[in-house]
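This report describes the packing, cavities and selected residues of one protein chain. Please consult the sequence and the structure alongside the text.

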Amino acid sequence: MTARRHAAEELAAEHSAVLGGLLREREELLATLDRVAALNGTARLIRESIGTHSGFVAELAGPEQAVIRWMSGTRTDALQDLAVPIGQGIGGRVLALGRPVRVNDYVSSPSITHQFDAQVRGEGLAAMIAVPIVSGTETVAIAYAAMRERRDFGDDAVQSLEDIATEAGRALKLASVAEADRETALSAERLRMQSALHDSVGALLFSIGVQVRNLHEDISDNPALESRLRRLEGDVSAASRALRESLLALSESSPERALPVELAEHCRSFQARCGVPARFVQLAPVPRLDAERTGLLVAAVREGLLNVEKHAEALSVVVSLLPSDDGVQVVVADDGTGHRSEADEPEPGTGMGLRALAERAARLGGRVSLVRDDDDGCTLRAWVPEPCRRR
């Protein structure tokens, strides 16, 4: 009995260890896919890895101001939500210089301004390091490490904090991509809901309205029934207005969200129509475009998929969206036997539709090309510059 109980306890401990490992992996994954979790985890990691009394992170709230939001090891809320303009204090100096700044005693240091001495005293801090957190090429946050006594931080401590900031920058970049994916999926779901409501509830309300109007014509000698029909007609009209408002709310989407959603919808429509697998991939977040540039990229993908449908005899298609050369590019690549234009020209890219797209892109400073690949597939590329960036 004792041996069986001992074996059960060992098995339970083993399962507990496995579960604990899975939970830690889950937390690490969430920290890389969630902006708040990434920055909150960075504040904890600073304190634990460098051995300082506290660690905190300020996120940029604009090009010239950061706000301290995530803290670990603090005793008060004196620094919570503290706005740090560029040039002010140690964090503002980091914003201005774009490099690490360290002081051995904050309130007496001659190298920084002292607008925040009261908050620093309130938290009881003295020595401090701050470094920029960079995502891509832009500073997006500031990482701080602080002690409650005077100390001369060495180069090793600065390097450790910079290493943590580098990892935080990577996590923020992943979180940004994940957030874009989530919002794109949400926008696509809103679009599907809009279509379903329009086709089902909208059609039903229209049908009821028609039947009520027909009944009005058929009944002329029953005032009580006519009164009820008028109320019903009013209810149907009110429901139709409410439905239109709901459809309008569901359709609202910012241009940078509308572009990937619309491209994904074109892929789904193509696959349903042709039976050829079509996959949409957004390789990275893209800059905001105006309606004209967005419309051109959508038209290019539509034309590319149409050419695949008409000429390529493809087994699969991939549509990609990515930032490129200070602009945005879409790519439609298939594995078919090659395109033919409307007049069956021997070379791809000479059809009327593509020529019109190329002319339209040129007016925006962009370009469109369609080339046959070595493996007989074809690749269409359309690129437009960001607004105010012409080539």
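Helix α3 has Gly-89, Ile-90, Gly-91, Gly-92, Val-94 and Leu-95 as its buried residues. In this predicted model, those residues pack against six strands: β1 (54–62), β2 (65–72), β3 (83–85), β4 (101–103), β5 (128–135) and β6 (138–146). Directly after α3, Gly-98 adopts a positive phi of about 70°.

Helix α3 (residues 89–97) also contributes to the wall of the largest cavity, where its three residues form the largest share of the lining. That cavity has a volume of about 90 Å³, and the structure holds three cavities of 30 Å³ or more. Fourteen residues line the largest cavity, and those nearest its centre are Ile-68, Leu-82, Ile-90, Tyr-106 and Tyr-144. Ile-90 is also one of the buried residues of α3. What is the make-up of the lining by class? The lining comprises 11 nonpolar and three polar residues, with no charged residues.

**The chain as a whole**

The protein chain contains nine helices and 11 strands. Of its 391 residues, 39% are buried. The chain exposes about 21,400 Å², of which carbon and sulfur atoms supply 52%. When contacts between residues at least 6 apart in sequence are considered, 61% of them join residues at least 24 apart.

**The nonpolar cores**

The largest nonpolar core has 35 residues, and the members that touch the most other members are Leu-263, Leu-297, Val-317, Leu-321 and Val-330. Elements giving two or more residues to this core are the helices α7 (255–274), α8 (291–312) and α9 (352–363), together with the strands β7 (278–282), β8 (317–324), β9 (327–334), β10 (367–372) and β11 (378–385). Helix α8 supplies the largest share, eight residues.

Which residues does Val-330 touch, apart from those up to four places away in sequence? The contacts of Val-330 are Leu-263, Leu-297, Ala-300, Val-301, Ser-320, Leu-321, Leu-380, Arg-381 and Ala-382. A second core, separate from this one, has 25 residues, including Ala-43, Trp-70, Val-140 and Val-158.

**Contacts between distant parts of the sequence**

His-266 is placed in helix α7. With residues up to four places away in sequence left out, His-266 touches Val-298, Arg-302 and Leu-305. The C-alpha atoms of His-266 and Val-301 are 8.0 Å apart, while the two residues are 35 apart in sequence. Val-301 is also among the residues that Val-330 touches.

Asn-40 belongs to helix α2 (residues 35–50). The C-alpha atoms of Asn-40 and Trp-70 are separated by 5.3 Å, although the residues are 30 apart along the chain. Trp-70 is a member of the second core.

Thr-379 is located in strand β11. Beyond its neighbours within four places in sequence, Thr-379 makes contact with Val-331, Val-332, Ala-333, Ser-369, Leu-370, Val-371 and Asp-373. Is Thr-379 buried or exposed? Thr-379 counts as buried because its relative accessibility is 7%, under the 20% limit for that class.

**Two aspartates with positive phi**

Most residues other than glycine have a negative phi. Asp-81 departs from that pattern, with a positive phi near 60°, and Asp-325 likewise has a positive value, near 50°. Asp-81 lies in the loop between β2 and β3, whereas Asp-325 is found in the loop between β8 and β9. Each is partly exposed, Asp-81 with a relative accessible area of 45% and Asp-325 with one of 42%.

The table sets out the relative accessible areas of four residues discussed above.

| Residue | Relative accessible area | Class |
|---|---|---|
| Asp-81 | 45% | partly exposed |
| Asp-325 | 42% | partly exposed |
| Asn-40 | 30% | partly exposed |
| Thr-379 | 7% | buried |

Conventions:
Residues are numbered from 1 along each chain as its sequence is written. This is a predicted model: local features need pLDDT of at least 70, side-chain atom pairs count only at pLDDT 80 or more; totals for chains, interfaces and linings use all residues. Side-chain values use heavy atoms; hydrogens and water are left out. On a 1 Å grid over the protein atoms alone, a cavity is a set of points where a 1.4 Å probe fits but cannot get out, and a pocket is an open set with protein on both sides within 12 Å along at least five of seven lines; lining residues have an atom within 4 Å of a point. Grid points are joined across faces, edges and corners, and a volume is the space filled by probe spheres set on the points. Helices (H or I, at least four residues) and strands (E, at least two) are DSSP runs, numbered from the N terminus. Ala, Val, Leu, Ile, Met, Phe, Trp, Tyr, Cys and Pro count as nonpolar, Asp, Glu, Lys and Arg as charged, and the others, Gly among them, as polar. Buried means under 20% relative accessible area, exposed over 50%, partly exposed in between (1.4 Å probe, protein chains only). Contact means heavy atoms within 4.5 Å. Accessible areas come from the Shrake-Rupley method with a 1.4 Å probe; for residues, only the protein chains shown count as cover. A nonpolar core is a set of buried Ala, Val, Leu, Ile, Met, Phe, Trp, Tyr and Cys residues joined through side-chain atoms within 4.5 Å.
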